[in-house]
Every structure is written in structure tokens, then in C-alpha cells.
Amino acid sequence: MSTVTTTKHAPAPAAPAPATVASGEGRIGLRANLRHIGALVRRNALQIKQDPESMFDVLFMPIIFTLLFVFVFGGAISGKGQQEAYVNYVVPGLMAMMGMNIAMGVGTGVNDDFKKGVMDRFRSMPIARSSVLIAKIVVELGRMMVAIAILLTVGFMLGLSIKTSVFDLLLSIGLSAVFGASLMWIFILLGLTMKTAQAVQGMAMLVLMPLQFGSSIFAPPSTMPGWLQTFTDYNPLSNLADAARGLINGGAVAHPVTVTLIWSIAITAVTMPLAVRKFRQKT
């Protein structure tokens, strides 16, 4: 007589849920969000400490640009032997230029981080997606402050004088930082959209060149053709340069400051949500 042995099979384990990127940003409180931003800022700052060569552009760009424009173009624009007068004209304008050049590096850096898989690791963490990008901007603003400090130091050595007050000088630096931060969102969006860092850099140069040289940064618009003066009048870099110039040298500042703030708010309001959305969806 044969017996049939029955064995009880353990139920098969449930299939693991597919890994998804945490998306509950709405459940992350302000305090936690600030803590995440702080941690990411420290991480980015440590990267700079480990790679000090990444600060070369910030350290040398203000020196080279100031000496180049003062001694090469200063005599032609202000007259021979009048370079000191040109220093007071061009240095406030170069403050606007510093923010745009540093913003370009943000886009290439974000693109490179995606290539290395760094951003994928961040997106797998239960943190607000915006905190990753905001931390990037905070660190770049710190780099921008270093560049402006060096720019002003060189300017003072060449004869720059503050004809208003230290408070007005700080206001001009703050205004440059606000506008620079808005530009960084544009280049972050470019970095998330373009396929390579070289493409980001090439596109950035196409934007930078006409905006920088078609502005009042280096020369008064009155010396330009009529059609270029019209472009210069609507160029946000011209308004920032004029605002910084008025705050440092004295003069009317209400209009250029207002226009610069409007540009900054508008650019941020449009590009920040697009950049955060692209950051979530980028594959």
C-alpha cells in the first residue's frame, strides 16, 4: 500500500515593487528642505576643495578682464591717459558680466553630473528635486561673490572710487547676485536639455556674446548705431550695468534697478519650474 506524501509549499514571495524615484516633494517640510539644501551645499563645496582648479576661472577672470578692457579699450573710449575714468565706468559693468559667465558654468556642470550618474543618485533619494538645483546655485553664487571681490580689489588698485556709500556698493553686489541667480536657471535648463556639455557651452556663447557686447558694459550706447542703441536699451545686462554704475558712481537708479528686478523675477518664474520639471523627467 503506497502512501502519498504531500508537502506544503511556502507561498512565493511577492514581487518587489519597481523602484521609482521619490516624488513626494509636497510632503517635505520647509525645515527638512533647508536641511537637504545645506547638506548638498556642503557636498558641492567639498568638491571644490578637492578640485581647487575649478576656482581658476573665478580667481583669474576678473583680473584678466579688468586689465584687458582698462588698458586696451580705456584709452580709446575715455581718451589717452584717462584710464582711471574708464575704471569707474567699466568695473560696475563687469560685475554684471561676472554673473553671466559664471552662470554658463552651472549649465555645463549639471550636464556633466548627469553623464556621471550623480544626479540619478540624487533623484533616488527622498529629497525635494528643487533642493539639488538650489544647492548648485547657492554654491555658484558663493563663487560669484569671490569673483566680484577680486574684481573690486583690482578696480580699487587701478583707481576705482566709491562716490556714494559702502551700503550702495553692497546693494549693487546684491542686485548682481539676484540677476546672476536668475541667469543660472536658464543655463541649468540648457544643461538639462542639451546632450553634451560642449553643446551647452556652444549655445551659451551664442547667447553671451551679443548680450555682453551689445550692452552698456564696455562703452556708452550713445557711441553706437541707432539700431544697436535700441537693442542695448532693452538688454537686461545694460540695465544691470547702469544700476550698478548709478549705485557706485551716483546718479539715477530707480529705473534700471526696477527693470533689473523685473527681468530677474520674470526669468526665474519662467525657467525655474521648467528646470525642476526637466530634472524630474530627464532620462
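Helix axes here are lines fitted to C-alpha atoms over the stretch in contact, and the angle between two of them runs from 0 to 180 degrees between N-to-C directions. Keep that in mind for the first close-up, and remember throughout that this is a predicted model.

**Figure 1. Helices α6 and α10 cross at roughly 30°.** Here we zoom in on α6, residues 166-193, and α10, residues 254-281, whose axes come within 8 Å of each other. Angles under 35 degrees count as roughly parallel, so that's the label this pair gets. As for handedness, the crossing of α6 and α10 is left-handed. Sort the residues of this contact by class and you get 18 nonpolar, 6 polar and 1 charged.

**Figure 2. Helix α5 spans 43 Å from its first C-alpha to its last.** This view follows α5 through its 29 residues, from 129 to 157. At 1.5 Å a residue you'd expect 42 Å, and the model comes out close to that. Look past the helix for G159, which follows α5 and has a positive phi, near 115°.

**Figure 3. The largest pocket holds about 650 Å³ of space.** Its lining takes in 23 residues, and the ones nearest the centre are S54, G105, G109, K136 and E140. Which helix gives the most to this lining? That would be α3, with 10 residues. At least two residues each come from α1 (30-50), α2 (56-78), α3 (83-116) and α5. If you're thinking about the chemistry of the walls, the lining of this pocket breaks down into 6 nonpolar, 9 polar and 8 charged residues.

**Figure 4. The structure has 1 cavity of 30 Å³ or more.** About 40 Å³ of space lies inside the largest cavity. Its walls are made by L40, R43, N44, D113, M119, F122, V132 and K136. Two or more of these lining residues come from each of α1, α4 (118-123) and α5, and α1 gives the most, with 3. By class, the cavity lining splits into 4 nonpolar, 1 polar and 3 charged residues.

**Figure 5. K136 lines the largest cavity and also sits among the residues nearest the centre of the largest pocket.** This last view puts the two spaces side by side. On the pocket side, K136 is listed with S54, G105, G109 and E140. On the cavity side, K136 joins a lining that includes D113 and V132. Helix α5 supplies at least two residues to the pocket lining and two or more to the cavity lining.

Note on methods
Residues are numbered from 1 along each chain as its sequence is written. This is a predicted model: local features need pLDDT of at least 70, side-chain atom pairs count only at pLDDT 80 or more; totals for chains, interfaces and linings use all residues. Side-chain values use heavy atoms; hydrogens and water are left out. Helices (H or I, at least four residues) and strands (E, at least two) are DSSP runs, numbered from the N terminus. Angles under 35 degrees count as roughly parallel, over 145 as roughly antiparallel, 65 to 115 as roughly perpendicular and the rest as oblique. A crossing is left-handed if the near helix is turned anticlockwise from the far one by less than a right angle, and right-handed if clockwise. Ala, Val, Leu, Ile, Met, Phe, Trp, Tyr, Cys and Pro count as nonpolar, Asp, Glu, Lys and Arg as charged, and the others, Gly among them, as polar. The expected span of a helix is 1.5 Å times one less than its number of residues. On a 1 Å grid over the protein atoms alone, a cavity is a set of points where a 1.4 Å probe fits but cannot get out, and a pocket is an open set with protein on both sides within 12 Å along at least five of seven lines; lining residues have an atom within 4 Å of a point. Grid points are joined across faces, edges and corners, and a volume is the space filled by probe spheres set on the points.
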